[in-house]
Amino acid sequence: MAPIVVAGAGAAGLMAAIFASGAGADVVVIERTRDGGRKILISGGGRCNVLPSRLTPDQYITASSPNTLRKMLLSWPLPEQRRFFEHELGIALALEAGSGKLFPRSNRARDVRDALVSRARDNGASFRFNTRLADVVPAAARSGWRVVLDDGASLDASAVIIATGGLSVPATGSDGAGLRILERLGLATNPQYPALTPLTGTVAAHAQLAGVSLDVTIRAPMRRGSFEATGGFLFTHRGYSGPAVLNVSHLAVQSRLAGGTPQPLLVQWTGRGEAAWDDALRAGGKAQVGTVLRRELPDRLADQLLVESGVSPQQQLSALRREERQRLVTLLAVYPLPWSGDEGYRKAEVTGGGIALGEVDARSFEARSLPGLFVCGEALDAFGPIGGYNFAWAWATGRSAGIAAAAQYGRQHQAVP
C-alpha cells in the first residue's frame, strides 16, 4: 500500500510525520533542504521559542473565519503541547523571565529539531532530504495521489500532507511551492503578504539611533477601533524592528500593498500616556526638560525627541510654553512612526494570508474538495504574534493532519484484501 507523503520537514511537517507514523502508517517525508527544520534552528536567535506560556485564539490574525481558527488551534491545548515536548520528547522547557516565552533549558534550537526528527524516525517514518516537490496530482480513478519531484521522479501516495510553509525567510527553504500547487488544485487562497517583518524608514536622524532599544506601545488606528502591540522596539540602520514593530507590521504591509494611505503607527515611548506626560511637564519647577526625559528614555532618543520638538534640553519646566508642552506630549506619547517600507519576505517571520481556513476540515485538515490531501502549518491563512505562537499553530495543525491521515490510511489498509 502506498505511504502517506509529508511534504516539508518544518515544524508542522515533523509533527504530522510523528503522529501519522506513531499511529502505524507508513510515512515518507520529502524536504528540499539537507536536514529540515531550518526555521526551528534560527528561531529565538538559535534558542527556539518552542511555545508561549499563555495562548488565546484572538491573538491570531486571519482573513478567514475566527471561529474556524479557534477550533483548529484548540484541537491541541497548550498544556498538552508542553507535556508532549517535556515528557514525550524529553525537551525540558523553561519560562524566560518577563517575556512569557518557553525555551528549551539547553537553549539550543538544534535539540528541538533533532528530537522531532528522531521521534519520527523511531516511529518508522523515512526522510528524503535534498528533494524538491514539483507537483501533486490525483492518481488514476482518484485512488490516492502522485507526488512529482523536480527531477522527474514520482511517488505514489495514499495521502499527502502539505506542510511546505509559506514564503517567509526563503533562505530556510520556503519557496511557496506548496501554495502554488494547492492553488493549481483549486483551493481558494487569501492574498499572501510578509508578516512579522521589520519596517524601513528614511529619516537619517533615526538611522543614527541604530542600536537604541526600549519597551514601547504601538497603536495602529483603524476604521473600527485600533490594533495595539506592546514590547521591545529597536532602531536599526534601515528602520525599526523588535517585537512591538513586528506585531503591527502586517497592517503597514497591507496598506502599502493596497496603495492607499499608509497605516499610521503611533508610538508611546514609555509607560506614560498623554495625560500622564502632560501632568509631569506641567509640574513646573527648575528641573530641565532634558533631565526629565533622560530619566525615562535612552539618552540618544531623548535628545532626538527634543530636537524634533524644537525645545532646548536646558529649558526649565516652569518656562515651557503651552504649545511647546503639547509638542513634547505628542512626541512622547503618540509619536507618528515615519516608516516608509518593510523588509519583505526576506526577514518576515511568517506569511500572512494563504489557504482559506474554510477550504479544509477544521478537525482533520483534509481539503474538503480533495479527499486524501491535507494542509497544515504556515500554508494556512493564520498567524500569531512573536513569542512561540506560530510554532503552537504549526504543532497543533500538523498533529491533527497527521492523526487524520493515519486514520484514513488505516481504513484503506483494512480494505485491501
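## Salt bridges, strands and cores in a predicted model

The side chains of Arg-82 and Glu-86 come together in a salt bridge, with 3.6 Å from N to O, in what is a predicted model. Both residues belong to helix H4, which covers residues 78-88, and they are four residues apart, about one turn of the helix. An α-helix has 3.6 residues a turn, so residues three or four places apart point the same way. Neither end of this pair is fully shielded: Arg-82 is partly exposed at a relative accessible area of 31%, and Glu-86 is likewise partly exposed, at 24%.

The structure holds 20 salt bridges, and another of them connects Glu-343 with Arg-238, whose side chains meet at 2.7 Å from N to O. This pair links distant parts of the chain, since Glu-343 is placed in the loop between strand E18 (339-342) and strand E19 (350-355), while Arg-238 is placed in the loop between E14 and E15, 105 residues apart. The surroundings of the two partners can be told apart by accessibility: Glu-343 counts as buried because its relative accessibility is 10%, under the 20% limit, whereas Arg-238 is partly exposed, with a relative accessible area of 47%.

A further salt bridge joins Asp-35 to Arg-38, with the closest N and O atoms 2.7 Å apart. Asp-35 is buried, its relative accessible area being 17%. The pair belongs to a network of salt bridges that links Asp-35, Arg-38, Arg-113 and Asp-114.

Which side chain of opposite charge is nearest to Glu-366, a buried residue that has no salt bridge? It is Arg-411, 6.3 Å away, and a salt bridge would require a nitrogen within 4 Å of a carboxyl oxygen, so this pair does not qualify. Glu-366 is located in the loop between E19 and E20. Leaving aside neighbours within four places in sequence, Glu-366 is in contact with Glu-359, Val-360, Asp-361, Pro-371, Gly-372, Leu-373, Phe-374 and Gln-408.

Phe-374 also leads to the first of the strand arrangements described here, for in E20 this residue stands opposite Ile-161. Strand E10, residues 159-162, pairs with E20 in the parallel sense over three bridges. The two strands are part of an open sheet of five strands, in the order E6-E2-E1-E10-E20, with parallel pairing. Strand E6 (126-128) and strand E20 (373-375) stand at the edges, and because each has a single partner strand, one side of each is left without a neighbour in the sheet. On average, and with direction ignored, neighbouring strands of this sheet are turned by 20 degrees against each other.

Antiparallel pairing appears elsewhere in the chain, where strand E13 (residues 213-221) and strand E14 (residues 226-235) are joined over nine bridges. One of the facing pairs brings Ala-220 together with its bridge partner in E14, Phe-227. E13 and E14 form a hairpin with four residues between them, and in its turn Gly-225 has a positive phi of about 75 degrees. From E14 the chain passes through three residues into another hairpin, which leads to E15. Strand E15, residues 239-241, runs antiparallel to E14 and is joined to it by two bridges, with Phe-235 standing opposite Tyr-240.

The nonpolar interior may be followed next. In soluble globular proteins, nonpolar side chains tend to be buried together. The largest nonpolar core has 87 residues, of which Ile-4, Phe-85, Leu-116 and Trp-395 touch the most other members. Helix H13 (residues 389-415) gives the most to this core, with 12 residues. Not counting residues up to four places away in sequence, Trp-395 touches Ala-11, Met-15, Ile-40, Val-50, Leu-51, Trp-76, Gln-81, Phe-85 and Leu-116. Apart from this core lies another, of 41 residues, among them Leu-199, Ala-220, Tyr-240 and Leu-331.

Strands E13 and E14 return in the packing of helix H11, which spans residues 299-309 and in which Leu-301, Ala-302, Gln-304, Leu-305, Leu-306 and Ser-309 are buried. The buried residues of H11 pack against E13 and E14, and also against helix H7 (204-207), helix H10 (289-296), helix H12 (322-333) and strand E17 (335-336). After H11 comes Gly-310, whose phi is positive, near 75 degrees.

Conventions:
Residues numbered from 1 in each chain as written. Predicted model: local features only at pLDDT ≥ 70, side-chain atom pairs only at ≥ 80, totals over all residues. Heavy atoms only, no water. Pairing = 2+ DSSP bridges. Axes fitted to C-alpha atoms, helices over the stretch in contact; angles between N-to-C directions. Buried < 20%, exposed > 50% of the residue type's maximum accessible area, 1.4 Å probe, protein only. Lys, Arg positive; Asp, Glu negative; His and termini not counted. Contact = heavy atoms within 4.5 Å. Core = buried A, V, L, I, M, F, W, Y, C linked by side-chain atoms within 4.5 Å.
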